[in-house]
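Q: I've got a new model open and I'd like to practise reading it. Can we go through it together?

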Protein chains: 4
Amino acid sequence: MTRNFTSDNVTPACAAVMAAVNAANEGSTASYGADAITARLQARVAELFETAVSVYPVATGTAANALALAQICPPYGGIYCHEAAHIVTDECGAPGFFAGGASVLGLPAADGKITAAQLEAAIGQANSMGVHHVKPAALSLTQATEWGTVYSCDELAELAAVAERHALPVHMDGARFANALEFLGCSPAEATWKSGIDVLSLGATKNGALAAEAVVFFDPSLAANFERRRKQSGHLWSKLRFLSAQLLAYLDSGLWLANAAQANAMAGALGLGLAAIPGARLLQSVDANEVFVALPEPVVVGLEAQGFGFYRWPAPDVVPPIGAGVSIRLVASYLTARADVDGLVAAAAQIASRS
Amino acid sequence: MTRNFTSDNVTPACAAVMAAVNAANEGSTASYGADAITARLQARVAELFETAVSVYPVATGTAANALALAQICPPYGGIYCHEAAHIVTDECGAPGFFAGGASVLGLPAADGKITAAQLEAAIGQANSMGVHHVKPAALSLTQATEWGTVYSCDELAELAAVAERHALPVHMDGARFANALEFLGCSPAEATWKSGIDVLSLGATKNGALAAEAVVFFDPSLAANFERRRKQSGHLWSKLRFLSAQLLAYLDSGLWLANAAQANAMAGALGLGLAAIPGARLLQSVDANEVFVALPEPVVVGLEAQGFGFYRWPAPDVVPPIGAGVSIRLVASYLTARADVDGLVAAAAQIASRS
Amino acid sequence: MTRNFTSDNVTPACAAVMAAVNAANEGSTASYGADAITARLQARVAELFETAVSVYPVATGTAANALALAQICPPYGGIYCHEAAHIVTDECGAPGFFAGGASVLGLPAADGKITAAQLEAAIGQANSMGVHHVKPAALSLTQATEWGTVYSCDELAELAAVAERHALPVHMDGARFANALEFLGCSPAEATWKSGIDVLSLGATKNGALAAEAVVFFDPSLAANFERRRKQSGHLWSKLRFLSAQLLAYLDSGLWLANAAQANAMAGALGLGLAAIPGARLLQSVDANEVFVALPEPVVVGLEAQGFGFYRWPAPDVVPPIGAGVSIRLVASYLTARADVDGLVAAAAQIASRS
Amino acid sequence: MTRNFTSDNVTPACAAVMAAVNAANEGSTASYGADAITARLQARVAELFETAVSVYPVATGTAANALALAQICPPYGGIYCHEAAHIVTDECGAPGFFAGGASVLGLPAADGKITAAQLEAAIGQANSMGVHHVKPAALSLTQATEWGTVYSCDELAELAAVAERHALPVHMDGARFANALEFLGCSPAEATWKSGIDVLSLGATKNGALAAEAVVFFDPSLAANFERRRKQSGHLWSKLRFLSAQLLAYLDSGLWLANAAQANAMAGALGLGLAAIPGARLLQSVDANEVFVALPEPVVVGLEAQGFGFYRWPAPDVVPPIGAGVSIRLVASYLTARADVDGLVAAAAQIASRS
């Protein structure tokens, strides 16, 4: 039983991914992506997304995001996103570095989801300043969002329509794309290019891989020379089969969705269980695999004392204020079991009853 | 009589600066700064600021700011400033470009002046995220601020103390430094290094030069290899005497302060005059040479119709809200005359009386 | 009489340019290039080059070159040029900085002129390495060259044809373009876009301006968003009229060609005079305004002792070797007079006769 | 039996490395390097190199090199290396990109080993040009070299002494460091910091890992903030244990040297065997695991026709010229067996005997 709810990246790789890596470790093969496994991956992603794609495996989500954004945003451009986006707060300035000085422009939204009206206003304001301001150049949406919520396809399409009107390509940071997809219940195509997404960072690491993400372009013309960017930034593996094998296993047999379903279900159960604690309040809808909840301080302190792992997480500006509670984040993963959830909820309830 | 209050950069150069440029245009001389005029400039700045300095003339304020910031902030660093700072909104991402991808982190403040407490909180939040967040690396303060206000020396010193505690060098964007200095009535030394400033963008273009600014390091050790940055970014002039001559004339005989005094006085008169219009409200203290005022819409429309030049300027979040008024910015310069001010105020009053 | 032959950038501005700057210093006007003088400059350049152009004034040649190259070369690209090109040896890495890490790839050629065959071979070799090598992305030709020679229009066209076959835009570093044009005796159009040049750094500083160059795009579609690059790198002047006025005066009334003719003629005379010194050998054809000559060491030492200014300049690999001589560079400018040339040649002859 | 001699990166991971990856795949653990395996790796490298070290695992050699160089070279700096260095020809401009526009300056040397005298001359020439030229900033030596040769410790020390005299930190590209070490027969310490190396790219991928290299700083003060660079460039893995586990297995029990010994021995046998073919000539000393040999064209064509894999590789400028032969590169790996070598040599001999 685990008490570690700090992140979904503390997990090992799942068995099927590990098996695929072992299976790929046979014989000499062409390097830098000219191998059969990588070719199968390309075909598999195209099939799953029901369109022609250009797929570029890399090892980290930061690399996937920053490379994708550098491809669509010039040095003098601005990238619109949520103010709590991973590209703003958790990538040490990677998009600016990869895109030669581009600016990341965060917009506020209490539930993690920016709106079409917000975007329109921000672009209009920037354009009014002409050459002095960075050029509105790209839109990056995180799905599932940093606040554990999920954009509906309609919400995505409205945002993408604004972007398209101003000629901004749209990137999706899908570090938890499978979690979002599982929540939406739609097809991968509907959740992406059919809703206006041009390029996707498709995450696997948090949901069962060792280290594997893919940059997926739905418009291959947008991918021109992307190979050079990957190479120049040190993200082209010589033994690329080992990345491709992880992704192929991840996408095969519905593994990605099965893993996401387990994580989402456990987060949901965690949210329900904690919401029932006296004085608790859920801060966000638990759409995917993250729970943001305010708990009475003694409960938080008590759980920490018992060795449960999670982060204290400043709440967004919400109404009403959370009062005396302490807001925390808990993350469920494909490995989280019902017993893990029950263990934490029971401990919280017991502490609360004693306070 | 001018009706142009759009900016202080619409002016020509003042007579003394122009005369100095003409005087410098004599004979062959060593290029790239190895000339006598540039040497005199170095000595003059040191004398005025009462300390050893390293002075680097450049032609634009964006160059001065971005070069100075690149010198003190690494690619993985963050630069704290006001959210309306010129480096955020008006330099097309120059600091990020010059500093190889560094992030500019704007903090809100209704009067344009961020506080020591705000800065401390922001650095603390960043540091709590460790390597994932950009490293707090530099502080940039605009003096006079983008809202026409001026930091007191005590305010500067408090901010600089926070910066120093966290090992952040402090930059001052002094595009309107003379205006601030004139308002403060203190010495150049007190307004800068004695208040904790490490490097100053000393502006002259807006206050009487053709095109001349200087990057002034008060700690010469901070300036190591700065010459290479200037050269690599195309900002080292072969005929540098023509930049140095402007700056020397600007600083000689108190010209910079005399010009600033005129601009400030005219802005003050403008502010007083407009504040007396029924329905008007000054949005900021008129410390330097900019006036931010909300006027009844018919007055604004009427002035525009009469050919007066100024920008409609969204007000900061102030209390109470400005209601039905339209907020605008007016800028006075060294060339603005009493008659110019009277002309605009009289026109506004007349329009208001008819409405 | 001057003894300074170190460079054409030690000169002051010529009278007509200075007069134009003074004339521009009248009244308030729109900033950032929205003024009448800048508009006239655009029209004048289009007229002179007999085609639609996009013209961007900047203050330095390094800025002009690096901005132009960043516009046509991506970070993962390579820029082919001569190994002694200014962009290789004298701009402190500016092209790499502006173009986000692009590589400058110098090719050898004893007379400063690379050949079409060389370029074809270099591109072929790079392409054979695929994604691992930088992508052949741009060609930069210096005209007049760093060795004082001038490409014929046919030579330019052959190089440009290779570049076009591989989809490389062609840049011309025309720091001494007027000198080359005067030598060629052809039209500005023939010397540039009719010979395959896409973008020109048009120099004026070395030939009579204070500080003024222009980036000229002959294919306006290549100039998309170039304004943002200029702004982001700090090279957009608020009082742009002062740059435009210099360039307009420079191009008006044939001033640029008259100045170049004087400089070229004086260099020619210098070359002839020095070649007659016993033991002297001209190292390059004196096409423009630079003389590269090997002189007996006592002559070089003697001239230095008499206060003549020039640089000792390592000769290119030439056949036959220059033996015991010392190779030097002498530069004539628009200000160089016959008496200056005669003075140096006479001094050299006298020293030689005593040795 | 393999016929693939194209590169040592076509191999799978060796059994011990793969076993370690599988063993690491247990349970939840702290992410981003705060795990026990990474801690053990740090200790192990320090022990092997007999000094305090800072070790940063990354997945590719390009990342290791470019990150290390960005740490020691500013944007306005130049990095000296051999003209055929991987960082010049095979990393798509990565050092320039990571170091914000820094220049890579290749020096020629027929055997892949630049000399102290060459380096001294190049630095002197650059310094003579002052601020106009890029600043000599770093030295990068490849060990084993791109031509399959190995610098002796004395040669390294002489080069490092020149670098130190000019304050240039010294980087070693050790993509094939184990092969060099095995050839030298000295200690890891002697081959690196005792010979003046400041930072090492320690390769494992080519010699038995899936994808694992380490940047090793021998002077921890040089590593300040290196973690941020790794993060900002997307090279910090969340599940870092999977990189560390590979490296730990690679270094444990002498596996790295055993693998290298096998590769070197097979290359040596290949060299000997091919040198005996009539008309063949070895182009370089076979110090490590690469063979550069000129063979009669019919032999090369015949081997290609039989499906042997290797690259045609232009010879360096050697004396005497290779005449009618075709120069090729063959690479042996830890997996190459005696039978593989014998197979190729026998085939070559047979083809030669028929020609």
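A: Sure. Let's begin with a definition: a salt bridge is a side-chain nitrogen of Lys or Arg within 4 Å of a carboxyl oxygen of Asp or Glu. Keep in mind that this is a predicted model.

Q: How many salt bridges does that rule find across the interface of chain C and chain D?
A: Zero, for the interface of chain C and chain D. Polar contacts do turn up there: four residue pairs between chain C and chain D, both residues at pLDDT 80 or more. The side of chain C that touches chain D is made up of six nonpolar, nine polar and two charged residues.

Q: And how do I put a size on an interface?
A: People often quote the accessible area lost when the parts come together. For chain C and chain D that comes to about 1,300 Å², with 55% of it on carbon and sulfur atoms. In terms of contacts, 17 residues of chain C meet 17 residues of chain D.

Q: Over to chain B: in what order do the seven strands of its open sheet run?
A: The order is 1-7-6-5-4-2-3, with mixed pairing. Strand 1 (54-58) and strand 3 (103-107) of chain B each have a single partner strand, so each has one side without a neighbour in the sheet. On average, neighbouring strands are turned by 20° against each other, ignoring direction.

Q: In which sense do strand 6 and strand 7 of chain B pair?
A: Antiparallel: residues 199-203 and residues 213-217 of chain B are joined over five bridges. One bridge links B:G203 with B:E213 in strand 7.

Q: Which strands of chain B does helix 2 lie across?
A: Helix 2 (residues 36-49) of chain B crosses strand 1, strand 6 and strand 7, at about 120° to strand 1.

Methods:
Residues numbered from 1 in each chain as written. Chains lettered and ligands numbered in written order. Predicted model: local features only at pLDDT ≥ 70, side-chain atom pairs only at ≥ 80, totals over all residues. Heavy atoms only, no water. Contact = heavy atoms within 4.5 Å. Buried area = accessible area lost by both parts, 1.4 Å probe. Polar contact = N/O pair within 3.5 Å; in protein donor to acceptor, adjacent residues only side chain to side chain. Nonpolar A, V, L, I, M, F, W, Y, C, P; charged D, E, K, R; others polar. Pairing = 2+ DSSP bridges. Helix = DSSP H or I, 4+ residues; strand = E, 2+ residues; numbered from the N terminus. Axes fitted to C-alpha atoms, helices over the stretch in contact; angles between N-to-C directions.
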